[in-house]
Structures are given as structure tokens and as C-alpha cells.
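Got your viewer open and a selection box ready? Let's take a walk through this fold, one selection at a time.

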Amino acid sequence: MSYVDGFVIAVPKANLDDYKKLANTAGPIWMEHGALSYVECIGDDVPYGELTSFPRAVQAKDDEIVIFAWVVYESRQSRDAVMAKVMADERLKMDWSAMPFDGKRMIFGGFQPFIEL
């Protein structure tokens with residue numbers, strides 16, 4: 001069964017084009033190193049919940065948009081190998097202070113699917 005990494009971030013609307021450029025660079029690199037799929041989504045129907053919500057989780061401000069992304073791998077072992085290659089790839093070496101989003105508010109994690117249809 002596959003393995004999935006998931007990410008949720010808040011991107012300032014003014015930086016959305018820069019974020020899209022970054023994602024369009026990163027996605028093919030993930031795929032080149034062995035990911036099965038790479039998906040980045042812009043929040044379209046993500047209301048600010050009373051107790052919990054995607055915007056609350058990343059402390060999204062009024063001028064920010066929520067991005068939900070995931071990467072699928074063959075297995076956890078494959079994910080660990082792909083991630084090591086991605087993190088070592090010189091094409092993704094960048095100044096973290098110049099990122100088009102606040103990485104401190106990123107939520108991420110690895111997930112083991114229990115149903116795949």
C-alpha cells in the first residue's frame with residue numbers, strides 16, 4: 001500500500017504567483033526522485049471554523065490563502081529514500097527567509113493509507 005505526505009500552509013495572496021513557481025519547480029523534482037504523484041491545491045471552500053479549520057490550523061490571515069498539498073509514494077521506505085534525495089537536490093537549495101510563505105506555520109506529516117479505492 002502507498003504512503004502519503006500531506007502539507008497545509010498559508011500563502012499571502014500577493015505571493016501566490018511566486019509560490020506557484022516554487023511548486024512548479026519542486027513537483028517535477030519530487031517525481032524525478034520517485035514520487036508517484038504530487039498535488040498542490042488552492043483553498044476554494046475552506047471557511048474559518050469556530051473551533052477548527054484549515055485556516056485556523058495555519059493561522060491564516062485575511063490576506064492569505066490556504067494551500068493543501070500531498071505527495072504519494074510506493075511505501076514509507078520509498079518516501080524516506082525519495083525525501084532524502086529531494087532534500088539533497090541542489091535545485092531546491094534556497095534561502096528559507098525568502099520563501100513566499102511562513103514555514104513556521106506549515107503543518108505536515110506522513111500518513112499510512114488504510115483504504116485505497
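The stops below go from the nonpolar cores to a buried acid and then to the aromatic rings. Keep in mind along the way that this is a predicted model.

**Stop 1: the largest core**

Select Trp30, Ala35, Val71, Tyr73, Val82, Val86 and Leu92. Within the largest nonpolar core, which has 13 residues, these touch the most other members. Now colour by element: β1 (3-12), α1 (16-32), β3 (64-73) and α3 (76-88) each give two or more residues to this core. As background, nonpolar side chains in soluble globular proteins tend to be buried together.

Next, centre on Val71 and show what surrounds it. Which residues is Val71 in contact with, leaving aside its neighbours within four places in sequence? You should find Tyr3, Val4, Asp5, Phe7, Trp30, Ala35, Ser37 and Tyr38.

Before moving on, select Ile9, Val11, Met99 and Phe101. They are among the 10 residues of another core, which lies apart from the largest one.

**Stop 2: Asp5**

Go to Asp5, in strand β1. Is Asp5 buried or exposed? Its relative accessible area is 3%, so Asp5 counts as buried. Add Arg79 to the selection and draw a distance: the side chains of Asp5 and Arg79 are joined by a polar contact of 3.0 Å. Then widen the view. Beyond neighbours within four places in sequence, Asp5 is in contact with Ala69, Trp70, Val71, Tyr73, Arg79, Met83, Gly109 and Gly110.

**Stop 3: the aromatic rings**

How many aromatic pairs does a search of the whole structure find? There are 4. Begin with Trp30 and Tyr38: their ring centres are 5.8 Å apart and the planes meet at 45°, so this pair is tilted. Trp30 is buried, at 10% relative accessible area, while Tyr38 is partly exposed, at 22% relative accessibility.

Now select Phe54 and Phe68. The centres of these rings lie 5.6 Å apart with their planes at 45°, so this pair is tilted. Phe54 sits in helix α2 (residues 54-57) and Phe68 in strand β3, so the pair ties together parts that are 14 residues apart in sequence. Switch on a surface to look at both: Phe54 is partly exposed at 40% relative accessibility, and Phe68 is partly exposed with a relative accessible area of 36%.

For the last selection, add Trp70, which forms one aromatic cluster with Phe54 and Phe68. You have met Trp70 before, among the contacts of Asp5.

Key:
Residues are numbered from 1 along each chain as its sequence is written. This is a predicted model: local features need pLDDT of at least 70, side-chain atom pairs count only at pLDDT 80 or more; totals for chains, interfaces and linings use all residues. Side-chain values use heavy atoms; hydrogens and water are left out. A nonpolar core is a set of buried Ala, Val, Leu, Ile, Met, Phe, Trp, Tyr and Cys residues joined through side-chain atoms within 4.5 Å. Buried means under 20% relative accessible area, exposed over 50%, partly exposed in between (1.4 Å probe, protein chains only). Helices (H or I, at least four residues) and strands (E, at least two) are DSSP runs, numbered from the N terminus. Contact means heavy atoms within 4.5 Å. A polar contact is a pair of N or O atoms within 3.5 Å; within protein, one must be able to donate a hydrogen and the other to accept it, and residues adjacent in sequence count only if both atoms are side-chain atoms. Rings of Phe, Tyr and Trp (its six-membered ring) pair if their centres lie within 6.5 Å; planes under 30 degrees apart count as stacked, over 60 as edge-to-face and the rest as tilted.
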